Amino acid sequence: MTRVLVVEGNTPELVEAAVAVRCRPAAEHYAEVLSTLAAARGVALETTILRPYFPEGDIEALDLNGFDGVAFTGSGVDWSADDARAAPFLRLLERIFTAGLPVIGSCWGLQVGAVVLGGCVGQGARGLELGVARHVRLTPAGSAHPFHAGRAPAFDVPCIHRDEVTLVPAGAVVTAENDHSAVQAMVFETGGVRFWGMQYHPELGPEDTLGYMLCRDDAGIAKLGLFRDRADLVAMIDDMRRIMADPDREAGLAWRYGLRGDVLDGSQRRAELDNWLGAIGLPARMSEPAGAALLR
């Protein structure tokens, strides 16, 4: 059986806040999506969740033997991946790279990887990118790399981030970009390190990325300047949930929000995750698994 370690990027307080607004914890969501994709390949995937910010998340005691790969989730913490408070994640990733395990990271996962590999991160000059990253473009290197197999040259994909990679590590290759962030995805494959990271969230739907905003209080939501008030945000999330539950039935509503197949179709949206599973040795896809629509 293939075993994947999923590393939760959030603190106990953030996980509790997400659950309170009907959002699944990031690690559970990531593990479920990976398991569903593995099932489509005819493989049962065993996932183990590690939460470095939780009291029981002892990274020093973690035995990496037996894992075939590691996935790092996003995070809603107030600090950047180069902050001293991110040290547990940096130490863990250094151990994982030393062990030679392949790693994939979304958002915070990309940023932690960039810092460990010698790059820099910081708040993006264009502010928050929320809901859907528009017109993400593959670079020539990205078009040729198996990380993005099946992707169109340009696509939309769910996202939520404040920080971004501001200096690419030496030896890394940028594979995707858009007008908001120059590094939407990158790979680092040298010196025994196998790292794929994306600033966006192929594991989430737009209802999830928007849902995390409900963890803020009314003043915090208003400060974003993107919604009239909390009720406006809730109404948009409800629309997104309707669309993602039945894209064909809600085609008109999807058109109103500019959501296309690259976001609506789970197989397209989760391309990088599926490709990573293939890269760590899972067999070719057999079919779209039963219940996959639940992950739209």
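**Salt bridges, sheet and helix packing**

A scan of the whole structure turns up 17 salt bridges. The model is a predicted one, and a handful of these pairs are worth walking through before turning to the sheet and the helices.

Start with Glu60 and Arg91, whose side chains meet with an N to O distance of 3.2 Å. Glu60 sits in the loop between strand S2 (45-50) and strand S3 (69-72), while Arg91 belongs to helix H3 (residues 87-99), so this salt bridge links parts of the chain that are 31 residues apart in sequence. As for solvent, Glu60 is exposed at a relative accessible area of 53%, whereas Arg91 comes out at 40% and is classed as partly exposed.

The pair of Glu272 and Arg151 is another case, with the closest N and O atoms 2.9 Å apart. Here the sequence gap is 121 residues: Glu272 lies in helix H12 and Arg151 in the loop between helix H5 (140-144) and strand S7 (154-161), so the salt bridge ties those two parts together. Buried or exposed, what are Glu272 and Arg151? Both are buried.

Arg228 and Asp232 also pair up through their side chains, at 3.3 Å from N to O. The two ends of this salt bridge see solvent quite unlike each other: Arg228 is exposed, with a relative accessibility of 72%, and Asp232 is buried, at 17%. Then there is a network, in which Arg134, Asp156, Arg260 and Asp262 are joined by salt bridges that share partners.

Now for the sheet. Nine strands make up an open sheet with mixed pairing, and they run in the order S2-S1-S3-S4-S11-S10-S9-S6-S7. S2 and S7 are the edge strands, each pairing on one side only. Direction aside, neighbouring strands in this sheet are turned against each other by 25° on average.

Which strands flank S9 in that order? They are S10 and S6. With strand S6 (residues 129-138), strand S9 (residues 173-177) pairs in the antiparallel sense over two bridges, and Leu138 faces Ala176 of S9 across that pairing. Towards strand S10 (residues 185-190), S9 is again antiparallel, this time with three bridges. Ala176 turns up here too, standing opposite Ala185 in S10. Further along, S6 and S7 are held by seven bridges and run antiparallel, with Arg137 opposite Ala154 in S7.

Helix H12 packs on this sheet, where the strands touched are strand S1 (2-7), S2, S3, strand S4 (103-106), S7 and strand S11 (193-198). The direction of H12 makes about 170° with that of S11. This is the helix that also carries Glu272, the salt-bridge partner of Arg151.

H12 has a helical neighbour as well. Helix H2 (residues 26-39) packs against helix H12 (residues 271-279) with the axes 10 Å apart and an angle of about 65° between them, and the crossing is right-handed. On the H2 side, the contact is made by Tyr30, Val33, Leu34, Leu37 and Ala38; on the H12 side, by Leu273, Asp274 and Leu277. What does that contact look like by class? Seven of the residues are nonpolar, one is charged and none is polar.

How values were computed
Residues are numbered from 1 along each chain as its sequence is written. This is a predicted model: local features need pLDDT of at least 70, side-chain atom pairs count only at pLDDT 80 or more; totals for chains, interfaces and linings use all residues. Side-chain values use heavy atoms; hydrogens and water are left out. Axes are lines fitted to C-alpha atoms, for helices over the stretch in contact, and angles run from 0 to 180 degrees between N-to-C directions. Helices (H or I, at least four residues) and strands (E, at least two) are DSSP runs, numbered from the N terminus. A crossing is left-handed if the near helix is turned anticlockwise from the far one by less than a right angle, and right-handed if clockwise. Contact means heavy atoms within 4.5 Å. Ala, Val, Leu, Ile, Met, Phe, Trp, Tyr, Cys and Pro count as nonpolar, Asp, Glu, Lys and Arg as charged, and the others, Gly among them, as polar. Two strands pair if DSSP finds at least two bridges between them. A salt bridge is a side-chain nitrogen of Lys or Arg within 4 Å of a carboxyl oxygen of Asp or Glu. Buried means under 20% relative accessible area, exposed over 50%, partly exposed in between (1.4 Å probe, protein chains only).
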